[in-house]
Amino acid sequence: MSSILTNNGAMVALQTLKSVNDELNDTQTSISTGKEIGTAKDNSAVWAISKTMESDIAGFEAIEEGLAIGEATVAVASAGAEQIVEKLTEIKELIVSAQSENVDHATIQTDIDSKVEQVEAIISAAQFNGANLLKDTVDGTESSLGVLASLDRVGAGGTVTAVEISIDAVGFESSLDLASDLTSITDTDTAASALGEIEEFLQTAITGAAALGADAARLEDQSKFVSELVDAMSLGVSTMTDTNMEEASARLSALQTQQDLAIQSLTIANEAPSSLQQLFR
């Protein structure tokens, strides 16, 4: 039955056109923003997961910066410790040469005093941003340096716990007090005493330098891991929320075709009542 009051065909065509226009608008927004899920209404569950992961990514990026500062602090201390080992080795050579009777012990002691002062200067100068791992305390109060290394989350959206790597100060300030604890050389007897003492100092310095080297390697490995973790998490968020441009392009073409056909259908449906005029002629 045909009616001039209700045009069912036009109503259906209009609803179809509205539906196509809505999908077309969503697709165009997805393409222009690059986000298939940009707001909670697009997909609340995926949006919530992506926002949690994005907050974690921001946290790990901050951790990367902290690790870089920690690496620099340990690198400065490690370089200082290795330099101290070299100076102690040079002092040992001078002490060994003082074992002979026919040498100028006073001149040798003068050279040793100069190198002792160099060791003290290295210990004082090997600091980064106020933190010195060669001294007894890192910053005057703490005996170790805490470097934020990771964030541990318990379950989706659960409690987050910060994890630190602790770097101990090597304590060269007291353990390498050569000015007070190293015997001054005046003859072969004092040279013999100094030889045993410098050997202990040298082993202490080598042990400390090795510990700092191990800490530096650990921080470097952790920094690499965090960097790779950030990349992996960013890729995961991208997979969940970013627009698949190839798919969106094909979808856009299909919707534009549907829109054209829907407009034609609506035009034809709107013209249908006018054909009823032929019945009354």
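# Reasons behind the labels

User: Why does Ala131 count as buried?

Analyst: Its relative accessibility is 12%. Buried means under 20% relative accessible area, exposed means over 50%, and partly exposed lies in between (1.4 Å probe, protein chains only). At 12%, Ala131 falls under the limit, so it counts as buried.

User: What kind of model is this, and how are residues numbered?

Analyst: This is a predicted model, where local features need pLDDT of at least 70, side-chain atom pairs count only at pLDDT 80 or more, and totals for chains, interfaces and linings use all residues. Numbering starts from 1 along each chain as its sequence is written, and side-chain values use heavy atoms, with hydrogens and water left out.

User: Where is the place of Ala131, and what is it in contact with?

Analyst: Ala131 sits in the loop between α3 (105-125) and β1 (144-153). Contact means heavy atoms within 4.5 Å. Setting aside neighbours within four places in sequence, Ala131 contacts Thr73, Ala126 and Val138. Ala77 is 54 residues from Ala131 in sequence, with 9.3 Å between the C-alpha atoms.

User: Asn129 lies in that loop too. What makes it count as exposed?

Analyst: Asn129 has 71% relative accessibility, on the far side of the limit for exposed, so that is its class. Its backbone also deserves a look. Asn129 is not a glycine, yet its phi is positive, about 55°. Most residues other than glycine have a negative phi.

User: Which residue just after α1 takes a positive phi?

Analyst: Gly34 does, at about 80°.

User: How do you know that the span of α1 agrees with its number of residues?

Analyst: Helix α1 covers residues 8-33, 26 residues in total. The expected span is 1.5 Å times one less than the number of residues. That gives 38 Å, and the end C-alpha atoms are 38 Å apart, so the two agree.

User: Which residues of α1 are buried, and what covers them?

Analyst: The buried residues are Ala10, Ala13, Leu17, Val20, Leu24, Thr27 and Ser30. Their cover includes α7 (245-271).

User: What makes a run a helix or a strand, and how many does the protein have?

Analyst: Both are DSSP runs, numbered from the N terminus: H or I with at least four residues for a helix, E with at least two for a strand. The protein has seven helices and two strands. Along the sequence the pattern reads α-α-α-β-β-α-α-α-α.

User: Why is the protein called more spread out than a compact globule?

Analyst: The radius of gyration is taken over C-alpha atoms, and the globule rule is 2.2 Å times the number of residues to the power 0.38. For 281 residues the rule gives 19 Å; the protein has 38 Å, well over that, so it is more spread out than a compact globule. Along the principal axes, the C-alpha atoms fill a box of roughly 140 × 30 × 20 Å.

User: Which distances separate Ala272 from Thr110, and Ser193 from Gly34?

Analyst: The C-alpha atoms of Ala272 and Thr110 are 115 Å apart, with their positions 162 residues apart along the chain. Ser193 and Gly34 are 159 residues apart in sequence and 75 Å apart, C-alpha to C-alpha.

User: Why does Ala272 count as partly exposed?

Analyst: Ala272 has 37% relative accessibility, in between the two limits, so partly exposed is its class. Its place is in the segment after α7.

User: How do you know that Ser174 is partly exposed?

Analyst: Its relative accessible area is 46%, which again lies in between the limits. Ser174 lies in helix α4 (residues 172-175). Leaving out neighbours within four places in sequence, Ser174 contacts Asp136 and Asp181. The C-alpha atoms of Ser174 and Asp136 are 6.8 Å apart, although 38 residues separate them in sequence.

User: What makes Lys87 count as buried?

Analyst: Lys87 has 13% relative accessibility, under the limit, so it counts as buried. Lys87 is found in helix α2 (residues 44-97). Not counting residues up to four places away in sequence, it touches Lys115, Gln118, Val119 and Ile122.

User: What share of the protein do buried residues make up?

Analyst: They make up 31% of the 281 residues.
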